[in-house]
Amino acid sequence: MKRFENQVVVITGAANGIGKACAQRFAQEGAFVACLDVTDELNLAVAEEVRSLGMGAIAVHCDVTDPENVKASIDTVMEKWGRVDVFVGSAGIYTGAPLAEVTMEQWNRTININLTGVFLTNQAVVPIMMKQRSGSIINISSMAGKTSWVASAAYSSSKSGVIGLTRSVAMELAPFGATANAVCPGNTLTDMVRNVATKVGGMDGMTGEEWLQMRANDCPMKRLAEPWEMAGVVAFLASEDSRFLTGQAIEVDGGLVMS
Ligand SMILES: NC(=O)c1ccc[n+]([C@@H]2O[C@H](COP(=O)([O-])OP(=O)(O)OC[C@H]3O[C@@H](n4cnc5c(N)ncnc54)[C@H](O)[C@@H]3O)[C@@H](O)[C@H]2O)c1
């Protein structure tokens, strides 16, 4: 029997990067997957890939900042499968600028997608998990939620917020036997990081590849992560092996934050 046989997994940001790796992982382990994202074409392709693994999948257009859209998306999942066993909140954006240059538009967009998006989606699935008296929420924060660096005011604030929010959700879910945890990835090779590398590296006179190599050298394990390495930890947090683990924010960063 597969670990997530016939379980229903909802993933935001499923169209790309870490969310996509989670969709693949849960499908490989027997789950039905609801892929929620704003990038429809890529999202449809991920759902198709899940179906090609023999599992049910739906691609739902969901902007995590829109309360009505979030509610309608979870309603769609409930109409189709009638339960939510696992929720993964991976939708997010990276924004970086020195404090003095952060515009209100940039601040609001970062907080809305990275923090309010997690709030709205968690709010939509928590009552379902309470009623089921089971479930796992895994919100993707960042090492930037545990530490900060220059030009990261909005991003770090949003990701620290995800950790605080996750702890509160964990407290509310605990009496119902359901869990909520955050994963704090280090630099992981996704489009998000490649775009940052090109942009930030360019400002420092480096190619994207040189910038990525510099980031890898900062890490005690001297490399960046692959998206599947985040999906493995997410799957553990959704599994029976972690039923007594809740309210934690786990650094999956090759030792970067501890160093
Ligand atoms: N890649 C890294 O190094 C890294 C490190 C730490 C944390 N993270 C976090 O991991 C998560 C996933 O990042 P990734 O690297 O896979 O990025 P990515 O850009 O590859 O994927 C992010 C996905 O989120 C979706 N998205 C963006 N705004 C949305 C919205 N309003 N509603 C719904 N979906 C939306 C995008 O369409 C995209 O498919 C993010 O929360 C990110 O902050 C990533």
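Colleague: Which residues does V234 touch, leaving aside those up to four places away in sequence?
Modeller: This is a predicted model, in which local features need pLDDT of at least 70, side-chain atom pairs count only at pLDDT 80 or more, and totals for chains, interfaces and linings use all residues. Residues are numbered from 1 along each chain as its sequence is written. Contact means C-beta atoms, placed from the backbone, within 7 Å. By that rule V234 touches C22, V88, I138 and V183.

Colleague: Which element gives the most residues to the largest nonpolar core?
Modeller: Such a core joins buried Ala, Val, Leu, Ile, Met, Phe, Trp, Tyr and Cys residues through C-beta atoms within 7 Å; buried means 20 or more other C-beta atoms within 10 Å, exposed 12 or fewer, and partly exposed in between. The largest has 78 residues, and V234 is among those with the most contacts inside it. Helices (H or I, at least four residues) and strands (E, at least two) are DSSP runs, numbered from the N terminus. With 10 residues, the element that gives the most is α4.

Colleague: Is N6 buried, exposed or partly exposed?
Modeller: N6 lies in the segment before β1 (8–12). Its phi is positive, about 65°, although N6 is not a glycine. Because N6 has 14 C-beta neighbours inside 10 Å, it counts as partly exposed.

Colleague: Where is A151 found?
Modeller: Phi of A151 is near 60°, a positive value in a residue other than glycine. A151 has 16 C-beta neighbours inside 10 Å and so counts as partly exposed. A151 is found in the loop between β5 (136–140) and α5 (153–173).

Key
Two residues are in contact if their C-beta atoms, placed from the backbone, lie within 7 Å.
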